[in-house]
Amino acid sequence: MRRLLIQFGFFLLQNPFLHNFISGRIHQGETKSFCTPGLNCYSCPAAAFSCPIGAAQMFFAGARQTLSLFVAGFLLSVGVIFAKFICGFVCPMGLLQDLVYRVPTPKIVTPLRFLKYVKYAVLALFVVVLPFAVRRDATGLGLPWFCAYVCPSGTIFAAVPLLAANDFLRYQIGAQFFLKITIAVVLMILSVFVLRFFCRVLCPLGAIYGMFNRVAVLRMHCDKEKCTACGRCKNACGIRIEPTVHPNDPECFRCGKCVKSCNEKALKIGVCTPRSIQ
């Protein structure tokens, strides 16, 4: 419950303009020049910041060359310090999936051994290659392919509330929206049964942060002297990571359930020290 409250708190920090959900307006203040660490759509009416994936696509699409160092530096800084703590505590899409997973149904607990690599292909193809390689003749710019055709965060937190509040926009609905709403609905249904299906299979931001899990300042530590190999931590993990063997697995989004399950206090999350490096 404590983590859920923290997630709600970060959602409000990233989306303080809740009244815009009623007015159907998008906040355009100076804070939009900065990125938030989570997958929080720029076009969400309540959003105070930009999405780092959206900003990265615009750079590769050729829209704003000045974004390159900023976006790269931002993602590198957040990744090196926090890595996938952002996924576990800050990201609105993570919060939404955690909520739908609470729906009382049979759960499919699986490590998704091969599907987990799809998000790296999504990162390369939809965030980098397509925006850079496919340009529109009229402007010479590329499209933000992930935002335009895949991202469920943009659909759920931006497109749906904007359409609900604007008659004009509803008249503009076309095939692209129906594609995206279908993707979002399918992902949410899957997330009822499989913990954080979107994060683990398709999220390019999770792919980036996952690369930093083993080197981040904040990471998981396992005290081998205290560990009794009881297996409680693995059973507590919703994605079946073995924290005693791979405490900083790229798939771990730092929910902390394994730490709570350990009666011997062999697992802890904290600042990296040379002695604790796994």
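This is a chat about a helix pair and two loop residues in a predicted model.

Trainee: Hi! Can we start with α3 and α7? At what angle do they pack?

Mentor: Sure. Helix α3, residues 52-60, packs against helix α7, residues 118-133, at an angle of about 25 degrees. Their axes are 8 Å apart.

Trainee: So what do we call that, roughly parallel or roughly antiparallel?

Mentor: Roughly parallel, because the angle is about 25 degrees and angles under 35 degrees count that way.

Trainee: And which hand does the crossing have?

Mentor: α3 passes α7 in a right-handed crossing.

Trainee: Nice. Which residues make the contact?

Mentor: From α3 there are Ile-53, Ala-56, Gln-57 and Phe-60. On the α7 side, you'll find Phe-126, Val-127, Val-128, Pro-131 and Phe-132.

Trainee: How many of those are nonpolar, polar or charged?

Mentor: The contact of α3 with α7 has 8 nonpolar residues and 1 polar one, with no charged residues.

Trainee: Switching topic: what is phi of Ala-229?

Mentor: It is near 55 degrees, which is a positive value in a residue other than glycine. Ala-229 sits in the loop between β1 (218-222) and α14 (232-236).

Trainee: Is Ala-229 buried or exposed?

Mentor: Exposed, because its relative accessible area is 68% and the cut-off is over 50%.

Trainee: What about Arg-240, where does that one lie?

Mentor: Arg-240 is in the loop between α14 and α15 (257-261). Its phi is near 60 degrees, again positive in a residue other than glycine.

Trainee: And what is the relative accessible area of Arg-240?

Mentor: Arg-240 comes out at 31%, so it is partly exposed.

How values were computed: Residues are numbered from 1 along each chain as its sequence is written. This is a predicted model: local features need pLDDT of at least 70, side-chain atom pairs count only at pLDDT 80 or more; totals for chains, interfaces and linings use all residues. Side-chain values use heavy atoms; hydrogens and water are left out. Helices (H or I, at least four residues) and strands (E, at least two) are DSSP runs, numbered from the N terminus. Buried means under 20% relative accessible area, exposed over 50%, partly exposed in between (1.4 Å probe, protein chains only). Axes are lines fitted to C-alpha atoms, for helices over the stretch in contact, and angles run from 0 to 180 degrees between N-to-C directions. Angles under 35 degrees count as roughly parallel, over 145 as roughly antiparallel, 65 to 115 as roughly perpendicular and the rest as oblique. A crossing is left-handed if the near helix is turned anticlockwise from the far one by less than a right angle, and right-handed if clockwise. Contact means heavy atoms within 4.5 Å. Ala, Val, Leu, Ile, Met, Phe, Trp, Tyr, Cys and Pro count as nonpolar, Asp, Glu, Lys and Arg as charged, and the others, Gly among them, as polar.
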